[in-house]
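Subject: Structure for your review

Hello,

Here is the structure I said I would pass on. Please look through it; what I found follows below.

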Amino acid sequence: MRKILIYLLPFLLLGSSFAETRLLKVSGYVSDEHGNPVAEASITVKGYGTGTVSGKDGRYEIMIEDNNAILVFSAVGFITKEEKVRGRKSISVKMQSASTALQEVLVTGIGTQRKERILQSQMGNAKSYPSTPGFYPDRNYVDYNTEDYDHINDNRFLKTADNPLSTFSIDVDAASYSNIRRFISRGELPPAGAIRIEEMINYFKYDYPQPTGEHPFSFHTEMSDAPWNPKHKLVMIGMQGEKIATEKLPASNLVFLIDVSGSMQGPLKLPLVKASMKMLTDQLRENDRVSIVVYAGAAGLVLPPTNGNDKLKIKNAINELDAGGSTAGGAGIQLAYKTAREHFVKNGNNRVILCTDGDFNVGASSDDAMERLIEEERKSGVYLTVLGYGMGNYKDNKMQKIADKGNGNHAYIDGMDEARKVLVNEFGGTLFTIAKDVKLQVEFNPAHVQGYRLIGYENRMLNKEDFNNDKKDAGEMGSGHTVTALYEIIPTGIKSEWLEEVDSLKYQSNNKLIKSAGNEVMTIKFRYKKPGEEISKLIVHAVNDNQIVLNKTSNNFRFAAAVAEWGMILRQSEFKAGSSYSQVIQLAKAAKGKDEEGYRNEFIRLVENASSIGGNNIDAMKKTTKRD
């Protein structure tokens, strides 16, 4: 009998081992202080790499091996919370927002020194933060504002007789709008330099027809009265990029370039970056590859090229990132491009995705140095996406220049909803280029147009000679993108204070009308290159004087006009004429259309909030704007 027990002992121990490692399924609900579900909350087992996230309804499920394990609950904008399992199968938690925790410290005072130290270690010096509802402070927030914006001079009215050609590069960036939303949500009006009207307009989708011919985009034009000046006309030019199904998109070679310097501490910076990149990871396919490069005082490769299906490995690498140190952005960019080149996918999507606040301070960090670096790196055929994060020290001007010079696009991520819009809903448009170096040149017919001005696109203007120059860089268009441009025109016969006379030329005669071209108001010429090609293709489109009464125009026209009018009000443009908040709201409400994602309805709320704030903060904010 003793021998039998000795023989059976290993098997009994093995069975005991299996019993001890039996998995326990834990489920529950993650909510905020008011009981509302917290989506995308991270639930991990402390000390292990295993974890899950809560769904849109706040519910989660996780399998654990140890009945006494500790679950860690974290979410952007909330204080991290830990719960001991103790064999429980159901664990629901209420998470405390960072702003609420901050207010507790402010009102509790001297008797909570230990609690205040804990909060300061997580979010910084509490006394420096404003108490705006919904504002989650950054650790490095201070009373002064070091955000940088370039000064914008509104495009002026030009006489058609003297300047018949208007030439510009397209712009599909939308960073300006989400940044404006951030300011208004905090109860402030944005600085004038943050207001790029073309980016505000192009934040929204427009119902333009899909292309059907040989070119990767379609065109649509519409003309009516300018709502803010009925004596003037408004012409809308709309472009719709071909939408390619995700499964048909080419294989991707992506490099996540993540700023982990000290300036990226705080809930709306690195934690939001990590959540955004994990969201993007969920969109990757088996034929995609991802590398991760980080930089602080130096740059390093933390994840070599990894298959898009190995999502847990990618997310674990992201979870390990922490912020601290100076900001060697130039070194990070060089390493990211080097990694992308070494694993270049021919006929694929090769792209660096830079996540930063733009506050570079080590190595190549000046605007000129960064521009030269990016211009050199883009020759490799690697594209660039710039995602901006944070507040207080955000360098909008630098982010714009980097994206423009890098055959790229620029978005500002002010929360999880914007991350989802940019990286999930608009996945193809953000990451897959269907046309590059897209330029427009408009020739106005002086028989119908006395003067004109392009609304927005101030930093995208080109010389007329640049249009036919294939070496001249211009904007890129992604899968499914829409691009909208508005011209305000002064018809012939209208007396206008905006058109200034120029002395007659001495050595040549002034321009004379050669051909009336009948009913044509303008001719639009488009140039673009296919990705990987260096010879442009030309498209020519004439626009006839087919005016429509404003209230009979499309939702596209009226909503774009409303956004442009609001931009002029916010910027205190000298050309805003009879613009008003009430007119903007009226136009936008009548042009909401289906608005399945709610972005147009949100726009109306923002305009109403901006109207309540008023213009008192404009002068105070101008100090953050650089002037020419």
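Among contacts in the protein with a separation of 6 or more, 75% are made by residues 24 or more positions apart. Please keep in mind that this is a predicted model. The secondary structure comes to 16 helices and 25 strands. The protein has 628 residues, of which 53% count as buried. About 28,500 Å² is exposed, and carbon and sulfur atoms supply 49% of that area.

On the cores: the largest nonpolar core has 42 residues, and the members that touch the most others in it are F204, W566 and F603. Two or more residues each come from α4 (175–185), α5 (197–201), β12 (229–241), α13 (555–570), α14 (581–590) and α15 (599–613). Of these, α13 gives the most, with eleven residues. Another core lies apart from this one; it has 38 residues, including L249, M264, M416 and V422.

F204 deserves a separate look. Beyond its neighbours up to four places away in sequence, F204 touches Y177, T482, F559, V563, Y599, R600 and F603. F603 is thus a contact of F204, and both are among the three residues that touch the most other members of the largest nonpolar core.

F204 also turns up at the second largest pocket, where F204, K205, Y206, T482 and E597 are the closest to the centre among 46 lining residues. The space in this pocket is about 1,100 Å³. By class, its lining has 19 polar, 14 nonpolar and 13 charged residues. Elements that each supply at least two residues of the lining are β17 (383–388), β18 (408–412), α11 (416–425), α12 (427–431), α13 and α15. In this case α11 gives the most, with five residues. Both α13 and α15 therefore appear twice in this account: each gives two or more residues to the largest nonpolar core, and each supplies at least two residues of the pocket lining, where elements are taken as DSSP runs.

Back to α4, one of the elements that give residues to the largest nonpolar core. This helix is mostly covered, with ten of its eleven residues buried. The buried residues are A175, S176, Y177, S178, N179, I180, R181, R182, F183 and I184. Y177, buried in α4, is also one of the contacts of F204. Just after α4, G187 takes a positive phi of about 85°.

Two single residues are worth checking on your side.

D473 sits in the loop between β20 (449–455) and β21 (475–478). Is D473 buried or exposed? Its relative accessibility is 19%, so D473 counts as buried, the cut-off being under 20%. Setting aside neighbours within four places in sequence, D473 is in contact with R378, D404, N407 and D437. K436 is 37 residues from D473 in sequence, and their C-alpha atoms are 8.6 Å apart.

S31 belongs to strand β1 (residues 24–31). With a relative accessibility of 3%, S31 counts as buried. What does S31 touch, leaving out residues up to four places away in sequence? The contacts are N36, P37 and V38, together with V93, K94 and M95.

Regards

Definitions and conventions: Residues numbered from 1 in each chain as written. Predicted model: local features only at pLDDT ≥ 70, side-chain atom pairs only at ≥ 80, totals over all residues. Heavy atoms only, no water. Core = buried A, V, L, I, M, F, W, Y, C linked by side-chain atoms within 4.5 Å. Buried < 20%, exposed > 50% of the residue type's maximum accessible area, 1.4 Å probe, protein only. Helix = DSSP H or I, 4+ residues; strand = E, 2+ residues; numbered from the N terminus. Contact = heavy atoms within 4.5 Å. 1 Å grid on protein atoms, 1.4 Å probe; cavity = no way out; pocket = protein on both sides within 12 Å on 5 of 7 lines; lining within 4 Å. Points joined across faces, edges and corners; volume = space filled by probe spheres on them. Nonpolar A, V, L, I, M, F, W, Y, C, P; charged D, E, K, R; others polar. Areas by Shrake-Rupley, 256 points an atom, 1.4 Å probe, with all protein chains shown as cover.
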